[in-house]
Amino acid sequence: MTIETKFNIGDSVFGVRDRRAAVIEIDRIYIGRNGKVYYLDKDNNTYDENECFTVLEDLVSYFIAGVRGRVCRDREEEL
């Protein structure tokens, strides 16, 4: 079975963890039982592959989409 990852060991990317962005260098790659890919930095912090980006604009878009989703959910709760 072959699993393709978006990034390789040694790549520097923008990673999101606990709703905070950081520039990380990928030290290790972990594949979960469900086939989900996670990247680990040298401090063993884990980053979901779907929350890692090479371009700052993609990172900003990710946060904007999340904020819009929270705003929509908050408005639904008020109704």
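Biologist: What percentage of the 79 residues of the protein count as buried?
Modeller: This is a predicted model, and a residue is called buried in it when its relative accessible area is under 20%. Of the 79 residues of the protein, the share that meets this criterion is 22%.

Biologist: In what order do the elements of the protein run from the N terminus on?
Modeller: The secondary structure comes to one helix and six strands. Read from the N terminus, the order of these elements is β-β-β-β-β-β-α.

Biologist: Which strands are the edge strands of the open sheet of three strands?
Modeller: The sheet has the order S2-S1-S6, and its pairing is antiparallel. Strand S1, which covers residues 12-17, is joined to S6 by two bridges, and within this pairing phenylalanine 14 has phenylalanine 53 in S6 as its bridge partner. The strands that pair on one side only, and that are therefore the edges, are S2 (20-25) and S6 (52-53).

Biologist: Is glutamate 49 buried or exposed?
Modeller: Glutamate 49 is found in the loop between strand S5 (46-48) and S6, where, not counting residues up to four places away in sequence, it touches Thr5, Lys6, Val37 and Tyr39. Its C-alpha atom is separated by 9.5 Å from that of valine 16, a residue 33 positions away along the chain. Because the relative accessibility of glutamate 49 is 12%, this residue counts as buried.

Biologist: Which side chain of opposite charge is nearest to aspartate 41, and how many Å away is it?
Modeller: Aspartate 41 is found in the loop between strand S4 (37-40) and S5, and its contacts, not counting residues up to four places away in sequence, are Ile24, Glu25, Asp27, Arg28 and Tyr47. Although aspartate 41 is buried, it has no salt bridge, a term that requires a side-chain nitrogen of Lys or Arg within 4 Å of a carboxyl oxygen. The nearest side chain of opposite charge is that of arginine 28, at 6.7 Å.

Biologist: Which backbone nitrogen does the side chain of aspartate 41 reach, and at what distance?
Modeller: The loop that holds aspartate 41 lies between S4 and S5, and the cut-off for a polar contact is 3.5 Å between N or O atoms. The side chain of aspartate 41 reaches the backbone nitrogen of asparagine 45, and the distance is 2.8 Å.

Biologist: What kind of aromatic pair do phenylalanine 7 and tyrosine 39 form?
Modeller: The structure holds four aromatic pairs. Phenylalanine 7 lies in the segment before S1 and tyrosine 39 in strand S4, so their pair ties together parts that are 32 residues apart in sequence; phenylalanine 7 and tyrosine 39 are both buried. Since the ring centres are 5.5 Å apart and the planes stand at 65°, the pair is edge-to-face.

Biologist: What is the angle between the ring planes of tyrosine 30 and tyrosine 38?
Modeller: Tyrosine 30 is partly exposed, with a relative accessible area of 47%, and tyrosine 38 is also partly exposed, its value being 21%. Their rings form an aromatic pair that is tilted, with a centre-to-centre distance of 6.1 Å and an angle between the planes of 35°.

Biologist: Which residues form one aromatic cluster with Phe53?
Modeller: Phenylalanine 53 has already appeared as the bridge partner of phenylalanine 14. In the aromatic cluster, Phe53 is joined by Tyr62 and Phe63.

Technical notes:
Residues numbered from 1 in each chain as written. Predicted model: local features only at pLDDT ≥ 70, side-chain atom pairs only at ≥ 80, totals over all residues. Heavy atoms only, no water. Pairing = 2+ DSSP bridges. Helix = DSSP H or I, 4+ residues; strand = E, 2+ residues; numbered from the N terminus. Buried < 20%, exposed > 50% of the residue type's maximum accessible area, 1.4 Å probe, protein only. Contact = heavy atoms within 4.5 Å. Lys, Arg positive; Asp, Glu negative; His and termini not counted. Polar contact = N/O pair within 3.5 Å; in protein donor to acceptor, adjacent residues only side chain to side chain. Phe/Tyr/Trp six-rings, centres within 6.5 Å; stacked < 30°, edge-to-face > 60°.
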